[in-house]
Amino acid sequence: MEEGSRYREQEERRRRRMAFRSLLCCGTSRDGKEPGKKGSPAWRVFSLQELYIATNKFNYDNKLGEGGFGSVYRGRLYDGTQIAVKRLKVWSNRAEMEFAAEVEVLAKVRHKNLLNLRGYCTEGKERLIVYDYMPNLSLVSHLHGQHSQACALDWKRRMNIAIGSAEGIAYLHHHDTQHIIHRDIKASNVLLDSKFQARVSDFGFARLIPDGATHVTTRVKGTLGYLAPEYAMLGKASESCDVYSFGILLLELASGKKAIEKLNLTVKQRIVDWALPLARQKRFKEMADPNLKGNFVESDLRRMVLVGLICAQSKPENRPTILDVIDLLKGEPKGKLFDLENNELFRVNFGHILSSSQHSADDIEEDSQINRIKELGPLNETVTGNT
Ligand SMILES: Nc1ncnc2c1ncn2[C@@H]1O[C@H](COP(=O)(O)OP(=O)(O)OP(=O)(O)O)[C@@H](O)[C@H]1O
Ligand SMILES: [Mg+2]
């Protein structure tokens, strides 16, 4: 390409970028607060320099963790505000404007149980997303990681987190202007603020990442144990896939077990396969997280387990909606709860208990998911980084 026309093209791109940024920035007051919304900072474009300083050059000591899309760093802005910066691995030369437009869409999604997006940075090859910093990190660190023994998650907090995160997901699914399927509900994507309120993170993330084999492989590996069978096998994403993953999360929250537990070097067990037989025999007390040391409300625990299992069943048409889930978790209305307890999923299936060689239709479908997962390769731990 001729030097002059390349220059003109670059200039035009720069001009469009500036025009687009000013368009996105309108509606934001000078102090970065959304007009008329006290205490709720609007999003904005950050410079790389600012984030570089905030994170002390993406210093390893500030690294909070690493996921399938890149690393997350804690940072402090010049005004003292704490932030979390997700530095994306660069998959392709996704256009800056396209990336910015998608972030803008996500930034508009605001709810008390969704992680607040503060802005983004696209400079050169860098793609960074800036979030509110969550001082209590993710559910993973409290259930399975460094904080699990201390058990900051008493039963009341767990119930709050369950209902709060369901409300965040319901906002994504049923908000009138947007219907967002999360696709990656899991313990590391439920962050906890200073009051241990749940903030669901990484919603709509699939929008930011270009389609491609690397992405698909990473996601499937990164979320094993939470994937609805129809999503794992056919790639069909829908709201009910999120409900399935949420069911797994509820079982984790109640029991403190991981979505997939390693029983020994070669055998792994999915949480549903552990929980369903126990629930059918009404052995709920035995299912409580030992870190709770017996301090839990039995009727709540029973409800959390039953709702978890009804969500995480293989047939999507039998799963509740996330709005039903909220009602069920709150124990309202009584009729719904009664139906739940009498659901055929929880009828004692002696064949299932007595003989592992006899399977129900549901089990067979689940087995084929496991086979499919085996085909995809070794099960990866979903947690990386400082948890
Ligand atoms: N806003 C935040 N505040 C505090 N910690 C965070 C924040 N965002 C992420 N983290 C921490 O960084 C870790 C890595 O997050 P990240 O989203 O990159 O990976 P992941 O959730 O494990 O996997 P995935 O890439 O599939 O979402 C999380 O487990 C969490 O502990
Ligand atoms: Mg995440």
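## Strand S6, the core and the ligand shell

In the hairpin of S5 and S6, Gly124 takes a positive phi near 55°. The hairpin has 2 residues between its strands. This is a predicted model.

Strand S6 spans residues 126-132. How many of its 7 residues are buried? The count is 5, so S6 is largely enclosed by the rest of the structure. Strand S6 pairs with S4 and with S5, as the table sets out.

| Strand paired with S6 | Sense | Bridges | Residue opposite Val130 |
|---|---|---|---|
| S4 (residues 82-88) | antiparallel | 5 bridges | Val85 |
| S5 (residues 117-123) | antiparallel | 6 bridges | Gly119 |

Val130 in S6 therefore serves as a reference point in both pairings: Val85 stands opposite Val130, and Gly119 does too.**Ligand 1.** The shell around ligand 1 holds 26 residues. Which come nearest? They are Gly65, Gly67, Ala84, Met134 and Ser188. Strands S2 (63-67), S4 and S6 each supply at least two residues of this shell. The largest share, 4 residues, comes from S2. By type, the shell divides into 11 nonpolar, 10 polar and 5 charged residues. Both domain 1 (2-132) and domain 2 (139-385) contribute, with at least three residues from each.

**The nonpolar core.** In soluble globular proteins, nonpolar side chains tend to be buried together. Here the largest nonpolar core has 85 residues. Phe246, Leu250 and Val305 have the most contacts inside it. Helix H8 (residues 239-255) gives the largest share of this core, 10 residues. The core also draws at least three residues from each of domain 1 (2-132) and domain 2 (139-385).

What does Val305 touch, leaving aside its neighbours within four places in sequence? Val305 is in contact with Leu251, Ala254, Ala275, Ala279, Phe284 and Met287.

**Phe296.** This residue is found in the loop between helix H9 (271-280) and helix H10 (298-311). Is Phe296 buried or exposed? It has 20 C-beta neighbours inside 10 Å, so Phe296 counts as buried. The cut-off for a buried residue is 20 or more.

Beyond its neighbours within four places in sequence, Phe296 is in contact with Trp155, Ala288 and Leu301. Trp155 is 141 residues away from Phe296 in sequence. In space, the two are 5.3 Å apart, C-alpha to C-alpha.

Notes
Residues numbered from 1 in each chain as written. Chains lettered and ligands numbered in written order. Predicted model: local features only at pLDDT ≥ 70, side-chain atom pairs only at ≥ 80, totals over all residues. Buried ≥ 20, exposed ≤ 12 C-beta atoms within 10 Å, placed from the backbone. Pairing = 2+ DSSP bridges. Core = buried A, V, L, I, M, F, W, Y, C linked by C-beta atoms within 7 Å. Domains from an automatic or database assignment. Contact = placed C-beta atoms within 7 Å. Near = placed C-beta within 6 Å. Nonpolar A, V, L, I, M, F, W, Y, C, P; charged D, E, K, R; others polar.
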